[in-house]
Amino acid sequence: MKVLLLRHPPVATAWKGRCYGRSDMGLSRAGQALAARIAADLAATPIDAIVHSGAIRTRRLAEHVAWGCDVPVATDSRWLERDFGAWEGRSWDAIWRETGSEMDRMMTEPTYRPGGGESGRDLAERVLAAWHALPERRCVLVVAHGGPIATLRALLAGQPVTRAVDFIPACGELVVVQRRQ
């Protein structure tokens, strides 16, 4: 089974430089243009099922691709971005000024909860459950976020969750993964 992991395109410019994790916002103009190109590119791909996280930035892209492929779309909130708790919506610079190197703990401690939110271990368990719940089809498109995709890729590569940072795709990037049935 082929799984296409697609990170949403760039979000609204008002969110640039901010921790937006679970916050729900639309795409920037550039993000909307990229979404249209992605949908056009995927129109020739034989996609059998589409799953998205439920966030506006993934739902709109998934629906756009589905329209071109005539494939039903399902929502699975386990593909949502990491919950950053009290850090949500704040600028990364402000978080750094307030906490110093505290944010580095996200990459070094699997049980650390940034802003009191979700730990890397929690994210990994949630994403693995979503991975195993994907429909059994030849080709499934998952429209999700950088954190869940990176975490899954690290785990599939046999790496610890602390190495997920090495697997973060760019906004709008498509990663192809094979899943044994």
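This section describes the central sheet of a predicted model, two helices that contact the sheet, and one nonpolar surface patch.

The sheet is open and consists of 5 strands in the order 3-2-4-1-5, with mixed pairing. Its edges are formed by strand 3 (73-75) and strand 5 (174-178), each of which pairs on one side only. From one strand to the next, the twist averages 25°. Helix 2 (residues 56-69) packs on this sheet and touches strand 1 (2-7), strand 2, strand 3 and strand 4. The direction of helix 2 makes about 170° with that of strand 2.

Strand 2 (residues 49-52) pairs with strand 4 (residues 139-144) in the parallel sense over 4 bridges. Within this pairing, Ile50 stands opposite Leu141, and Val51 stands opposite Val142. Strand 2 also runs parallel to strand 3, to which it is joined by 3 bridges; here His52 stands opposite Thr75. In a regular strand, side chains alternate between the two faces of the sheet. In strand 2 both faces are covered. Ala49 and Val51 are buried on one side, and Ile50 and His52 are buried on the other. Val51 and Ile50, which stand opposite residues of strand 4, thus belong to opposite sides of strand 2.

A second helix in contact with the sheet is helix 6 (residues 146-156), which lies across strand 1, strand 4 and strand 5. Helix 6 runs at about 140° to strand 1. Of the 11 residues of helix 6, 8 are buried, so this helix is largely enclosed by the rest of the structure. The buried residues are Gly146, Gly147, Pro148, Ile149, Ala150, Thr151, Leu152 and Ala154. They pack against strand 1, helix 5 (120-132) and strand 4. Helix 6 is followed by Gly158, which has a positive phi near 75°.

The loop between helix 6 and strand 5 contains Ile168. With a relative accessible area of 44%, Ile168 is partly exposed, because this value lies between the 20% limit for buried residues and the 50% limit for exposed ones. Together with Met107 and Val165, Ile168 makes a nonpolar surface patch of about 240 Å².

Technical notes: Residues numbered from 1 in each chain as written. Predicted model: local features only at pLDDT ≥ 70, side-chain atom pairs only at ≥ 80, totals over all residues. Heavy atoms only, no water. Pairing = 2+ DSSP bridges. Axes fitted to C-alpha atoms, helices over the stretch in contact; angles between N-to-C directions. Contact = heavy atoms within 4.5 Å. Buried < 20%, exposed > 50% of the residue type's maximum accessible area, 1.4 Å probe, protein only. Patch = residues over 30% accessible without salt bridge, like charges linked within 9 Å, V, L, I, M, F, W, Y side chains within 5 Å. Areas by Shrake-Rupley, 256 points an atom, 1.4 Å probe, with all protein chains shown as cover. Salt bridge = Lys/Arg side-chain N within 4 Å of Asp/Glu carboxyl O.
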